[in-house]
Amino acid sequence: MKRRDDSAPTPVPTIPPMLRVLLGLAAAVVALAGLYFGRELVGPLALAAVIVIICEPIRGPLVRRGWPRWAGTTAVIVLGYLILLVMAALLWFAGTQFARLVGDYADELRSTAAGLVEWLQSLGLADQAADATASVFDPSTLVSIAADLGGTVLSVFTALFFVFAYVIFMAADAARYGRAEQAFGRGIRPTVARFRSFNSGVRRYYVVNASFGAIVAVIDGLALLWLGVPAPAVWAILAFVTNFVPNIGFVLGLIPPALLALVVGGWPMLLAVVAIYCVVNVTLQVLVQPKFVSDAVNLSLTLSFFSVIFWTFIIGPLGAILSIPLTLLVRALILDGDEGTRWLRWLSGDPDAAKPRAGSPGP
């Protein structure tokens with residue numbers, strides 16, 4: 001009879017793969033539920049973090065030229081505040097002009113709605129469809145939408161108060177985080193490199209979006225001015241802002257000027273606006289820009305589109321603008337740095353994940 005070897009190591013119990021997946025999904029649900037219920041705090045915090053990431057590169061050249069670190073931090077804060085103030089001014093201008101247009105064209109809106117109702121009824125459509133179409137052009141409906149937008153703008157300005165505070169704190173902390181490798185040695189270099197890559201991806205993404213957004217806004221604004229659509233500057237601003245919403249921003253920026261063109265110039269002007277937006281916006285935003293965005297952040301087009309819907313549901317409208325940075329952050333925290341998840345990073349759109357790192361085995 002064999003004696004048991006007491007010196008043999010006790011086998012460590014392992015968790016079955018399926019149970020690990022279920023535990024991971026359960027933890028993800030809990031974390032996302034916390035983000036959902038704390039969206040009023042998480043949204044401004046994420047926006048402030050993105051602004052600091054965008055403005056942070058100006059610190060290095062100033063410090064290298066002999067500026068004190070507090071002056072570099074102040075420069076980051078001032079630039080971040082300028083970005084926020086410019087965006088707030090653009091949104092305020094567009095909102096006030098939109099409210100003025102609703103009042104100026106109230107009679108035209110009613111007549112257009114009546115004409116559409118008669119046309120729908122002549123086609124034999126149900127009265128419910130005609131009533132729904134009429135309500136879209138009803139000035140009271142548009143005024144209520146404008147009021148809702150006003151409430152949204154008020155909440156946005158309330159959130160901006162927190163964003164301004166977050167920017168100060170994060171800009172000050174960013175200077176300290178830059179010295180992490182000096183404090184802890186080379187052992188944390190992979191982690192630092194991971195988040196530097198994340199910061200670089202966020203900056204490239206917004207540079208690409210702002211560049212294409214400015215081009216699209218100028219072309220759309222000039223085209224609407226040439227067609228005679230009222231307030232072309234408002235719709236140019238709208239085209240610029242909605243360009244930061246991946247994939248579906250084009251549709252969001254098209255609907256208001258198209259409806260106004262229908263009211264002012266009838267179906268010919270509506271079709272002209274739709275045609276111009278399709279040629280310009282589809283060519284630049286749908287065909288050309290996604291390729292540059294994909295190269296800048298290494299995200300697949302499918303994941304980029306899904307991230308808009310997902311993060312809008314989690315943290316509200318701000319999630320549509322911050323969807324790509326938030327998705328990049330999740331990938332940096334969960335997938336990057338783990339050789340076992342290289343195939344998941346490759347599926348997410350990172351072509352470099354298929355290349356083995358130095359000292360690691362191939363796939």
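1. Contact here means heavy atoms within 4.5 Å. Bear in mind that this is a predicted model. With that in hand, have a look at α9 and α14. On the α9 side, the residues that touch α14 are Arg 194, Phe 195, Phe 198, Gly 201, Val 202, Tyr 205 and Tyr 206. Their partners in α14 are Ile 324, Pro 325, Leu 328, Leu 329, Ala 332 and Leu 333. Sorted by class, the residues of this α9 and α14 contact come out as 11 nonpolar, 1 polar and 1 charged.

2. How do α9 and α14 sit relative to each other? Their axes are 10 Å apart, at an angle of about 165°. Because angles over 145 degrees count as roughly antiparallel, α9 is roughly antiparallel to α14. The crossing of α9 and α14 is right-handed.

3. Compare that with α2 and α12, whose axes lie 9 Å apart at an angle of about 125°. That angle makes α2 and α12 oblique to each other. Arg 39, Val 42 and Gly 43 are what α2 brings to the contact, and α12 meets them with Phe 313, Ile 314 and Ile 315. The class split for α2 with α12 is 4 nonpolar, 1 polar and 1 charged.

4. Now the interior. The largest nonpolar core holds 53 residues, and Val 229, Trp 235 and Val 273 have the most contacts inside it. Which elements give two or more residues to this core? They are α2 (39-55), α4 (69-104), α7 (139-177), α9 (189-227), α10 (232-242), α11 (249-297), α12 (301-315) and α14 (323-334). The largest share, 11 residues, comes from α11. So both helix pairs discussed above, α9 with α14 and α2 with α12, are on that list of contributors.

5. Trp 235 deserves a click in the viewer. Leaving aside residues up to four places away in sequence, Trp 235 touches Phe 98, Leu 101, Leu 224, Val 229, Pro 230, Pro 256, Pro 257, Leu 260 and Tyr 277. One of these partners, Val 229, is also among the residues with the most contacts inside the core.

6. Don't overlook the second core, which is separate and has 6 residues, including Val 208, Phe 212, Val 216 and Val 280.

7. Last, a single residue: is Leu 84 buried or exposed? Leu 84, which lies in helix α4, has a relative accessible area of 7%. Buried means under 20%, so Leu 84 is buried. Leu 84 and Ile 51 are 33 residues apart in sequence, with their C-alpha atoms 8.5 Å apart in space.

Conventions. Residues numbered from 1 in each chain as written. Predicted model: local features only at pLDDT ≥ 70, side-chain atom pairs only at ≥ 80, totals over all residues. Heavy atoms only, no water. Core = buried A, V, L, I, M, F, W, Y, C linked by side-chain atoms within 4.5 Å. Buried < 20%, exposed > 50% of the residue type's maximum accessible area, 1.4 Å probe, protein only. Helix = DSSP H or I, 4+ residues; strand = E, 2+ residues; numbered from the N terminus. Axes fitted to C-alpha atoms, helices over the stretch in contact; angles between N-to-C directions. Parallel < 35°, antiparallel > 145°, perpendicular 65-115°, else oblique. Left-handed = near helix turned anticlockwise from the far one by under 90°. Nonpolar A, V, L, I, M, F, W, Y, C, P; charged D, E, K, R; others polar.
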